[in-house]
Amino acid sequence: MKDYELGKRQYVIGGVAIAIVAIYIVRLFTLQIMSDDYKRNADSNAFLKKVEFPSRGIISDRNGKLLVYNQPSYDIMVIVNEQRSRLDTTELCKALNITKEYYIKRMQDIQDRSKNPGYSSFTQQLFMSQLSDQEFSVFQEKIYKFPGFYIQRRSIRQYEYPNAALLLGDVAEVSQSDIDNDKYYQPGDYIGKIGVERYYEKELRGTKGVQILLRDAQGRIQGNYQDGKFDTHPIPGKALTLGIDIELQRLGEQLMEGKLGSIVAIEPSTGEVLCLVSAPSYDPRMMIGRQRGKNHIAMSKDPLKPLLNRAIMGQYPPGSTFKPGQALTFLSEEIIDSATTYPCHRGFVTRGMRVGCHGHASPLSLIPAIGTSCNGFFCWGLYYMLTNKKYGTLQKAMDTWRDYMVTMGFGYPLGIDLPGEKRGMIPNASYYDKAFINRGWNALGVISISIGQGEVTLTPLQIANLCATIANRGWFITPHVVKGVEDQDIDSTYKNKHYTKAYTDVGDSRYYDLVVRGMRRAVTGGTCHSANRRDYEVCGKTGTAQNRGRDHSVFMGFAPMNSPKIAICVYVENGGFGATLGVPIGSLMMEQYIKGGLSEGSKRQAERIQSQHLKYGTKDR
């Protein structure tokens, strides 16, 4: 009995011993193999891995003028594990010109994993960013007194001109979503937030380098580990050349002072954007440094919305600038020909309905109808298309119309190389079937879309692209801001021609030639007559887009007529008739680009327009 109990006891003791050994083995395996906590701790005592940030790619305009470049900046980094109880926080705060409350709050935020998920007490964390040269000098003299604190040299963006803020974009600290979406980034890194800086982030940011420094037992830097054998050098970001002409951009922003709206200019043969003005705008230098957050909040609360890029995000009724696209559709579908005439009794009048128009000769054929911007002509054209029996149903006719609009670049984002582009609105049969589900719909009920009103909305970019397509007589290249990227080709998307349905259905430019003649008539003796010049031929089309308040002033045009260098859209919210502001602004912009500057008379006109500030209330927004 005793032997049996003794044997049983031996098994129990042996089992316990084996279990203890197993637990130690598992724990050692976890610590040494599965977890890198101790390895990081050991490495952090022996090495300091110092990230070296690359210089961000510079940005220039189409003529080589520098727009965005880099200047040195300094960040204060902290390794929490190296902070010692004897740290003189009062002197630290004095050296950095911060309060004790700021220091305590900042250290709490750094160690709060809900705010800083990638936190480790063994790695450098951003304590304070973008110190000036003077602030850096003061702190550098005393840094030896503050164990755990280091200076990280990097660069910040600088802007040569106070223009093109929304186009160029800005750079700011990464968000947690940026870190989650790309392993390249760590807390405290910078990233492009909007504009070109955002869209071309991967090309501009470059590649980080790492410098491995050896430390002694007291944590003092002894030099590079193995003479820098394992260091990697940063690779600078790629330089970008924009299609933007900065002098044209500057003029556009000056002309739009005190106004809301946009100017977009495109080189028709390449699709390169020559200027992209959104008004109101702001100086991009407001988004540099530690004042960025304060300025951003102030502008986000501004009722005039300076942070809204109206050129690609504003969705407006195009008004009569939409009529050339209608003419091309009616011609292609053989609803009209060049000799077809329609009456205009100061508007489109039938069955008790009236769509008003200004006084002019009647009836009119296509070319004078474009020249005088006749509402009646285009309303009749759409009416006869939607009621034409060859389509079988109203829905089929409507969707045929819609297909033409889509190939002209309407209803969907064009694909410009900027984030945030909106699609506008082109209705189809399904849209109206749902909107009028209880009472049905007919051609007269939607007739206003023929003159760019009703449900139709476009962005200024889409209107400018329509003008470029007409200038090219039937094709366009997707508009793009970046002309070239250092050591690489731009995306093929920005090289390929897109032919519209009005061109491909006939295989030549005959219908576009008629529309060009009509737009030329508008300049020589129609609604755009103030844009006429002796030294080059301008083609144009005005628009007076109806609105809840005062009408919007719209103009699109291109020049020269037979060798187009520039196609432009001007959109001034609540600016009145298209000829009031749209035409003179567009004419000055074309002169600036084609002639390389303004005449003395044009300079005086530009000053008058610049000083003309419109009054806006919240109801207009």
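1. In this predicted model, helix H15 (residues 375-386) and helix H16 (residues 394-407) have axes that come within 8 Å and cross at roughly 130°. Because angles that are neither under 35 degrees, nor over 145, nor from 65 to 115 count as oblique, H15 and H16 are oblique to each other. On the H15 side the contact is made by Leu-382, Met-385 and Leu-386, and on the H16 side by Leu-394, Ala-397, Met-398, Thr-400 and Trp-401. Of the residues in this contact between H15 and H16, 7 are nonpolar, 1 is polar and none is charged.

2. Trp-401 also appears in the largest nonpolar core, which has 105 residues; together with Val-196 and Leu-242, Trp-401 is among those with the most contacts inside that core. A separate core, of 36 residues, lies apart from it and includes Met-256, Val-523, Cys-528 and Met-590.

3. The surroundings of Val-196 merit a separate entry. Leaving aside neighbours within four places in sequence, Val-196 is in contact with Ile-59, Leu-167, Leu-168, Gly-169, Glu-201, Leu-204, Leu-240, Leu-242, Leu-418, Val-481 and Val-482.

4. Lys-483 is located in strand S16 (residues 482-485). With a relative accessible area of 34%, Lys-483 is partly exposed. Beyond the neighbours within four places in sequence, the contacts of Lys-483 are Arg-62, Thr-241, Leu-242, Gly-243, Glu-272 and Ile-490. Between Lys-483 and Glu-272 there are 6.6 Å in space, C-alpha to C-alpha, although the two are 211 residues apart in sequence.

5. An open sheet of 5 strands is present, in the order S12-S11-S20-S19-S18 and with antiparallel pairing. Strand S12 (272-279) and strand S18 (539-545) are the edge strands, each pairing on one side only. From one strand to the next, the twist averages 5°.

6. Within this sheet, strand S11 (residues 261-267) and strand S20 (residues 566-572) pair in the antiparallel sense over 6 bridges. Val-264 has Cys-569 of S20 as its bridge partner.

7. Two helices should be considered together with the sheet. Helix H10 (residues 246-255) packs on the sheet and touches S11, S12 and S20, its direction making about 25° with that of S12. Helix H21 (residues 582-595) lies across S11, S12, S18, strand S19 (552-559) and S20, and runs at about 150° to S20.

Definitions and conventions: Residues are numbered from 1 along each chain as its sequence is written. This is a predicted model: local features need pLDDT of at least 70, side-chain atom pairs count only at pLDDT 80 or more; totals for chains, interfaces and linings use all residues. Side-chain values use heavy atoms; hydrogens and water are left out. A nonpolar core is a set of buried Ala, Val, Leu, Ile, Met, Phe, Trp, Tyr and Cys residues joined through side-chain atoms within 4.5 Å. Buried means under 20% relative accessible area, exposed over 50%, partly exposed in between (1.4 Å probe, protein chains only). Contact means heavy atoms within 4.5 Å. Axes are lines fitted to C-alpha atoms, for helices over the stretch in contact, and angles run from 0 to 180 degrees between N-to-C directions. Helices (H or I, at least four residues) and strands (E, at least two) are DSSP runs, numbered from the N terminus. Ala, Val, Leu, Ile, Met, Phe, Trp, Tyr, Cys and Pro count as nonpolar, Asp, Glu, Lys and Arg as charged, and the others, Gly among them, as polar. Two strands pair if DSSP finds at least two bridges between them.
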